[in-house]
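Load the model and keep a selection panel open. We will move from a pocket outward to the whole chain, then back down to one residue.

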Amino acid sequence: MAQLNKQRILLIIGGGIAAYKCLELIRRLRDHGASVRCVMTRAAQQFVTPLSVGALSNERVLTDLFDLDDEREIGHIRLSRDADLIVVAPATADLLAKMAGGHAADLATAVLMATDKAILVAPAMNPLMWSHAATRRNVALLQADGIHFVGPNAGEMAERGEAGVGRMAEPAEILAAIAAQLAGRVIAGALAGRRVLVTAGPTHEPIDPVRYIVNRSSGKQGYAIAAAAAALGADVTLVSGPVGLADPSGVRVVRVETAAQMLAATTAALPADLAIFAAAVADWRVANAADEKIKKGAKAPLPKLDLVENPDILKTIAHLPPSQRPSLVIGFAAETENVIEHARKKRKSKGCDWIVANDVSPETGIMGGNRNTVHIVTADGVEDWPEMDKDKVAEALVARAAAHLAATTGKA
Ligand code: CTP
């Protein structure tokens, strides 16, 4: 996870049994090149010792707001500003309540009040505490304040026989959420001078002048990607199938209807440095589409549709010779089962560099909804990103792509 390298994480450890998982989190963060400074609440010290946290983080652990040495050396104001990201794990019901209420009586809460940096919290508590009306209120307040959440998960609690939603996210999930947060920070102008091509929405394949074949697709994720790339200074062409969305500002939008038109418009928009294929292209078109509306009648036989396969736009662009192929080609894989396995195969069969995989089975509510849970499949492995708004997924993806282009193509 390149986005963790040289990043400074301030980890605030709250007082819960899950605090022991922070030791693993600290180790993994450092393995990826991040530095970790830890603040422990008084309650946290009942579960893990500052000694073990200090040994793993290789930094002095801070516990007291009124420790004169600490204040002279670092000071809680600087502590909160020096970090690239603040992570609160485990975030107990009490700590969430204090954050929502703006308390600042100890070092952990004072740091959280004094910061202008992004905050990611990993709640952990008994399921009844998580579902309590007070916690619901506090979580809603914190989300409205722009605080990011990872977990909690459903499962067994530390207490025997207790199960439900309240388990802290696993260290690997928190790590992925941290990486996604850091990748999502908008680096102004990171794509200036770059040409970006995005496909979005469904295609309509006519049966006759009034009927067509279509895939389910709102186009929201692709439009958010085009907007995020433009916000980073890119010259963006969005080739869009029929959707009910307004043009993102600063983006050149080419509207098409069929897969054949989408392929032609996409090819015409080259060259590009980065191409992201978020469209839900219909796999087949009707070979014998009627010029006039097909009439139904008691005597008329049921119409037969001859289907032919549509061109694969992503595959076509990914297999262009190096002089014409965008440096980074990213496809999407909308799957309803075995998400990662299918996505890995799709990355290879399509010849693209990354696949953004998501589970679009109806119960996820992703299709047409505003949130998305994605996995980024690259040649190096799989990154599981936490559930985020489609806008945030777009920002994180585009920032990740910008960093990759900067690292691989030499241009800033
Ligand atoms: N894609 C494309 N042109 C097509 C079909 C798909 O450009 N004719 C792109 C999509 O935009 C997406 C990726 O290929 O980035 C994968 O799309 P998906 O619908 O998940 O896969 P399919 O190739 O259609 O495979 P299957 O339906 O068998 O899962």
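How do the residues of the shell around the ligand divide into nonpolar, polar and charged? Select the shell and colour by class. The count is nine nonpolar, three polar and four charged. Bear in mind throughout that this is a predicted model.

**Stop 1: the ligand shell**

Stay on the ligand. There are 16 residues around it. Label Phe 277, Val 281, Ile 313, Leu 314 and Gly 331, which come nearest.

Now switch to ribbons. Select residues 313-318, 328-335 and 339-350. These are helix H12, strand E16 and helix H13, and each supplies at least two residues of the shell. Which element gives the largest share? Strand E16 does, with four residues.

**Stop 2: the whole chain**

Zoom out. The protein chain has 412 residues, and 46% of them count as buried. Its secondary structure comes to 14 helices and 21 strands. Orient the C-alpha trace along its principal axes: the span is about 85 × 55 × 35 Å.

Draw a contact map if your viewer offers one. Take the contacts with a separation of 6 or more. Of these, 71% join residues 24 or more positions apart.

**Stop 3: two domains**

Colour 2-184 and 195-409 separately. The domain assignment calls these domain 1 and domain 2. Place a centre on each, using C-alpha atoms: the two centres are 37 Å apart.

Next, select the residues where the domains touch. Ten residues of domain 1 are in contact with ten residues of domain 2. On the domain 1 side, the classes are seven nonpolar, two polar and one charged.

**Stop 4: helix H14**

Select 390-409. This is helix H14, with 20 residues. From first C-alpha to last it reaches 28 Å, close to the 28 Å expected at 1.5 Å a residue.

Why is H14 described as largely enclosed by the rest of the structure? Because 14 of its 20 residues are buried. Show the surroundings as a surface and rotate to check.

**Stop 5: Val 254**

Finish on a single side chain. Select strand E12, residues 251-255, and pick out Val 254 within it. Is Val 254 buried or partly exposed? Val 254 is partly exposed, with 17 other C-beta atoms within 10 Å; a buried residue would need 20 or more.

Add its contacts. Leaving out residues up to four places away in sequence, Val 254 touches Thr 237, Val 239, Ala 265 and Ala 269. Draw a distance to Thr 237. The two residues are 17 apart along the chain, and their C-alpha atoms are separated by 7.3 Å.

Note on methods. Residues are numbered from 1 along each chain as its sequence is written. This is a predicted model: local features need pLDDT of at least 70, side-chain atom pairs count only at pLDDT 80 or more; totals for chains, interfaces and linings use all residues. Domain bounds come from an automatic or database domain assignment. Two residues are in contact if their C-beta atoms, placed from the backbone, lie within 7 Å. Ala, Val, Leu, Ile, Met, Phe, Trp, Tyr, Cys and Pro count as nonpolar, Asp, Glu, Lys and Arg as charged, and the others, Gly among them, as polar. A residue is buried if 20 or more other C-beta atoms lie within 10 Å of its own, exposed if 12 or fewer, and partly exposed in between; C-beta atoms are placed from the backbone. A residue is near a molecule or strand if its C-beta atom, placed from the backbone, lies within 6 Å of it. The expected span of a helix is 1.5 Å times one less than its number of residues.
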